[in-house]
Amino acid sequence: MNPTDPPRQTAVITGATGGIGRELVRQCLLDGMRVVAIGRNTDALGDLSRFSSAPPPSLIPLNLDLLEPNAARSVLDFLDAHDFPADLLINCAGVGLLSRFHESGLSTQTDILRLNTQMPMELTHLLLPRLRSARGAVLNITSLLAAFPAPGLAVLSASKIALLHWSVALRRELKGNVAVTAFSPGITRTPFLPTARMGHLGLDRFFFASNPDLVARRALRAVRRNAAIAYATPLDRLGALLLGFAPHRLVAAAVAIALKPQRPPAGP
Ligand SMILES: NC(=O)c1ccc[n+]([C@@H]2O[C@H](COP(=O)([O-])OP(=O)(O)OC[C@H]3O[C@@H](n4cnc5c(N)ncnc54)[C@H](OP(=O)(O)O)[C@@H]3O)[C@@H](O)[C@H]2O)c1
């Protein structure tokens, strides 16, 4: 594609400033798409411009806290203001926190659910007319954690299985109009782990951890293949299969041993 040609399609990507989202932005731009990149971190958003070549501008940053009231409506207003279509919506923003449920505040836990599950639903609902007229696609970044209950990450795993089931059901409802793919990464080397207070576990050093460029590449390939559910690696797929079929009570007991939340700091 000639860099001066108008972009062919528009991708709206949340979590664009994170490890996986940044790679999704880079690879969508390489594919010749225009990208509306959503995140809070201003520096990281600005840094994305390095992936965008000559005009016309193909990288459009949108600085937005998705937990603010009416955040999804702000995305729609932004698209309206620029008269942008939406061919691909990628719901990638997500957070987690390694903590026993009762040891962190209620709003911390419900914010995980809002960002990981409710926001993708709100964005998809509001962007659906655009996605329909483009015969477009939705890519929901779920997690291997959707396959099993994870003590210490109880709300995170609940948020991801809700996202997964909603994706697959929505896919059926929108059949023939909008394609919906749920993509479930396993452990990926991004800031997610330290942010979720999981850095001390050293999970990103395990052989089965993936790099974000591979995860993003496989996720976009899954969209092109119109997959219902996809994984980054065969090992992730096997893990989802085994952990999904094993008795959840036993898996939960094993995960509780493996994931040791750090004690919350002692009060004053
Ligand atoms: N890394 C893993 O091991 C792993 C495994 C399975 C699934 N996943 C999933 O993959 C997705 C991407 O994770 P990642 O590994 O790339 O994590 P990451 O590097 O920590 O990125 C998280 C992204 O979410 C955005 N975000 C967080 N809170 C936000 C808010 N209130 N409003 C707007 N944006 C917000 C962050 O934006 P700012 O930085 O600008 O705030 C950042 O772009 C998540 O849904 C995660 O659950 C990750």
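In this predicted model, the protein chain is built from nine helices and seven strands. The radius of gyration of the protein chain is 18 Å, close to the 18 Å that the globule rule gives for 268 residues, and the chain is therefore as compact as a globular protein of that length. Measured out along its principal axes, the C-alpha trace extends over about 55 × 45 × 35 Å. Of the 268 residues, 42% count as buried, and among the contacts between residues at least 6 apart in sequence, 70% join residues that are at least 24 apart.

In soluble globular proteins, nonpolar side chains tend to be buried together. In the present chain, the largest nonpolar core comprises 68 residues, of which Ile13, Leu24, Val35, Ala37 and Ala219 touch the most other members. The surroundings of Ile13 were examined further: when its neighbours within four places in sequence are left aside, Ile13 is in contact with Leu24, Val35 and Ala37, and also with Gly21, Val25, Cys28, Ile38, Ile90 and Cys92.

The ligand is surrounded by 29 residues, the closest being Gly18, Asn41, Gly94, Thr190 and Phe192. With respect to secondary structure, helix H1 (19-30) and helix H6 (192-195) each contribute at least two residues to the shell around the ligand. In composition, this shell divides into 15 nonpolar, twelve polar and two charged residues.

Key. Residues numbered from 1 in each chain as written. Predicted model: local features only at pLDDT ≥ 70, side-chain atom pairs only at ≥ 80, totals over all residues. Core = buried A, V, L, I, M, F, W, Y, C linked by C-beta atoms within 7 Å. Buried ≥ 20, exposed ≤ 12 C-beta atoms within 10 Å, placed from the backbone. Contact = placed C-beta atoms within 7 Å. Near = placed C-beta within 6 Å. Helix = DSSP H or I, 4+ residues; strand = E, 2+ residues; numbered from the N terminus. Nonpolar A, V, L, I, M, F, W, Y, C, P; charged D, E, K, R; others polar. Rg over C-alpha atoms; globule rule 2.2 N^0.38 Å.
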